Amino acid sequence: MDEHSQANSIPRPLFLLATLYGGMTCIAGVLGAKQVAIGPLAVEAGIFPFLFLVAISSAVAALYGRAMANQLVRFGFVPLLVAIGLTFLVLSLPTDDGMYEPAKDAFPIILGQTWRLMAAGILAYGISMTLNVWIFARLGQGGTRFAAVRGATASVISQVVDTMIFITVAFYGVRDIGELLLGQSLAKVVLSIVLVPPVLHLLIHIARRMDGNLAKPAQ
């Protein structure tokens, strides 16, 4: 198979979605260092790339099937683990004395995480994203029919599970987690309902524009 044939063997929309997915797995941990206020809701900013992960995996499940979406979730561990490894490496290297002073102190605070936070993130990612794909597929048995509703429903449930796993593993025994669980779950439910449907619809629309064979919903 020549180079051109190999490139064409991977559907362009799938290649784009997979590339975006890998980027979101890496940036989620970085953005999670900031807490944002959205009206009365307070949530860590990593939820935004995580909701992209939810929408992308649902789009892949709708367009290419549940098996492909599950494969995407499993491959997502690769950039996630590599990013964690590189972060530990960079933090362990000596800091240049000429580095901008505020950044010198802020960098390890923003990127440095305990082993419990790392483990909690990896565990929550694997379980919640697999659950999201399973629920999305079960609600429609494939295809893009009612994708927005299915995507929002799957996101709500999977993000509540994600919150329960992450906060319990990361903070149980360290602080009271009751209010944290309730607040984060409520915020993620609201954001899942508001953000996932339009993002999912946009991703499916872009994929269909890139590949005319996806014009009709997959059955």
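**A two-stranded hairpin among nine helices**

In this predicted model, I38 sits across from L41 in β2. Residues are numbered from 1 along each chain as its sequence is written. Because the model is predicted, local features need pLDDT of at least 70 and side-chain atom pairs count only at pLDDT 80 or more, while totals for chains, interfaces and linings use all residues, and side-chain values use heavy atoms, with hydrogens and water left out.

The pair belongs to a hairpin. Strand β1 (residues 35-38) and β2 run antiparallel and are joined by four bridges; strands count as paired if DSSP finds at least two bridges between them. Another of the partnerships links Q35 with E44 in β2. Two residues lie between the strands of the hairpin, and G39 takes a positive phi near 65 degrees there. Strand β2 itself (residues 41-44) shows a covered face made of L41 and V43 and an uncovered one made of A42 and E44. That fits the usual picture, in which side chains of a regular strand alternate between the two faces of the sheet.

Zooming out, the protein has nine helices along with its two strands. Helices here are DSSP runs of H or I with at least four residues, strands are runs of E with at least two, and both are numbered from the N terminus. Along the sequence, the order reads α-α-β-β-α-α-α-α-α-α-α. The radius of gyration is 19 Å, close to the 17 Å from the globule rule for 219 residues, so the protein is as compact as a globular protein of that length. For that comparison, the radius is taken over C-alpha atoms, and the rule is 2.2 Å times the number of residues to the power 0.38. Along the principal axes, the C-alpha atoms fill a box of roughly 55 × 45 × 25 Å.

As for the surface, the accessible area comes to about 12,300 Å², with 68% of it belonging to carbon and sulfur atoms; these areas come from the Shrake-Rupley method with a 1.4 Å probe. Buried residues make up 36% of the 219, where buried means under 20% relative accessible area, exposed over 50%, and partly exposed in between (1.4 Å probe, protein chains only). Contacts (heavy atoms within 4.5 Å) reach far along the chain: among those between residues at least 6 apart in sequence, 74% join residues at least 24 apart. There are 14 positive and 11 negative side chains, and the centres of the two sets lie 18 Å apart. Lys and Arg count as positive, Asp and Glu as negative, with His and the chain ends not counted; each charge is placed at NZ of Lys, CZ of Arg, CG of Asp or CD of Glu.

A few helix residues fill in the details. S58 is part of helix α3 (residues 47-64) and, with 0% relative accessibility, counts as buried. Leaving out residues up to four places away in sequence, S58 touches N132, F136, G151 and L200. I204, in helix α9 (residues 178-210), is also buried, at a relative accessible area of 6%. With the same sequence neighbours left out, I204 touches A59, A62, L63, T144 and A147. The C-alpha atoms of I204 and A55 are 9.6 Å apart, although 149 residues separate the two along the chain.

Other helix positions are not buried. T168 in helix α8 (residues 147-171) counts as partly exposed because its relative accessibility is 34%. Beyond residues up to four places away in sequence, T168 touches R116, T163 and I177. Its C-alpha lies 9.9 Å from that of L180, which is 12 residues away in sequence. R74, in helix α4 (residues 66-75), counts as exposed, with 52% relative accessibility. R74 and R12 are 62 residues apart in sequence, and their C-alpha atoms are 20 Å apart.
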